[in-house]
Amino acid sequence: MRWGSLLPASIFFSGVASSAVNYMLCRFTLPRFGHEVPAWTPFAEFRLPTWSVWLYASLALLAPFFLSGDMVSLPWWGKLLLNVFSPLMMIFMLAGVAVAYGYLRKRGLSGGSAALIVILGTLLLGPLGPQLLVLLAMWDTVFDVRGLGHGLWRRQQG
């Protein structure tokens with residue numbers, strides 16, 4: 001596979017990394033000039049909008065029809081699908097890690113222990129691990145498992 005096929009997705013992830021570094025620098029410099037910078041959202045509360053589940057599901061269903069054969073000879077819509085689906089899958093994996101981490105933190109584990117369990121669990125599951133994280137993120141996005149007040153079916157506080 002030629003790496004040029006995933007160049008737009010790589011540029012997207014470079015932009016995310018650059019924005020994170022820029023935010024960290026601004027957190028240190030702007031308060032010296034009298035400006036307030038909002039804090040990060042805690043990682044255990046990272047969530048995705050509900051529409052992202054529908055986008056991911058539709059792209060996952062379309063992928064077998066368009067992404068067959070050699071990646072170099074893909075038509076333009078296949079490359080577009082690949083460059084939208086790849087970052088979206090990584091974002092869902094990150095959201096799945098946040099759900100698992102938040103669940104373990106609510107059960108009383110320290111931050112380091114919870115992170116170690118999530119990472120080791122994902123690695124020990126092999127190729128099934130990332131897919132389970134994606135499904136966990138989709139489940140939380142739709143059913144609001146963590147009780148953060150989002151999703152199609154919100155958990156009732158009471």
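**Helix 3: a surface patch and a crossing**

Helix 3 gives the most to the nonpolar patch, chipping in four residues. This is a predicted model, and in it the patch covers about 830 Å² of surface. Its makers are Trp51, Trp54, Leu55, Trp76, Trp77, Leu80 and Val84. Helix 3 doesn't do the job alone: helix 2 (51-66) also supplies at least two residues of the patch. Trp54, for one, sits in helix 2.

Helix 3 also meets helix 5. A pair of packed helices is described by the angle between the two axes and the distance between them. Here, the axes of helix 3 (residues 76-106) and helix 5 (residues 128-143) come within 7 Å, crossing at roughly 75°. Angles of 65 to 115 degrees count as roughly perpendicular, so helix 3 and helix 5 are roughly perpendicular to each other.

On the helix 3 side, the contact is made by Met89, Phe92, Met93, Ala95, Gly96, Val97, Val99 and Ala100. Helix 5 answers with Pro130, Gln131, Leu133, Val134, Leu136, Ala137, Met138 and Asp140. Sorted by type, the residues of this contact come out as 13 nonpolar, two polar and one charged.

Notes. Residues are numbered from 1 along each chain as its sequence is written. This is a predicted model: local features need pLDDT of at least 70, side-chain atom pairs count only at pLDDT 80 or more; totals for chains, interfaces and linings use all residues. Side-chain values use heavy atoms; hydrogens and water are left out. Axes are lines fitted to C-alpha atoms, for helices over the stretch in contact, and angles run from 0 to 180 degrees between N-to-C directions. Angles under 35 degrees count as roughly parallel, over 145 as roughly antiparallel, 65 to 115 as roughly perpendicular and the rest as oblique. Contact means heavy atoms within 4.5 Å. Ala, Val, Leu, Ile, Met, Phe, Trp, Tyr, Cys and Pro count as nonpolar, Asp, Glu, Lys and Arg as charged, and the others, Gly among them, as polar. Patches are made of residues with over 30% relative accessible area and no salt bridge: like charges are joined within 9 Å, nonpolar side chains (Val, Leu, Ile, Met, Phe, Trp, Tyr) within 5 Å. Accessible areas come from the Shrake-Rupley method with a 1.4 Å probe; for residues, only the protein chains shown count as cover. A salt bridge is a side-chain nitrogen of Lys or Arg within 4 Å of a carboxyl oxygen of Asp or Glu.
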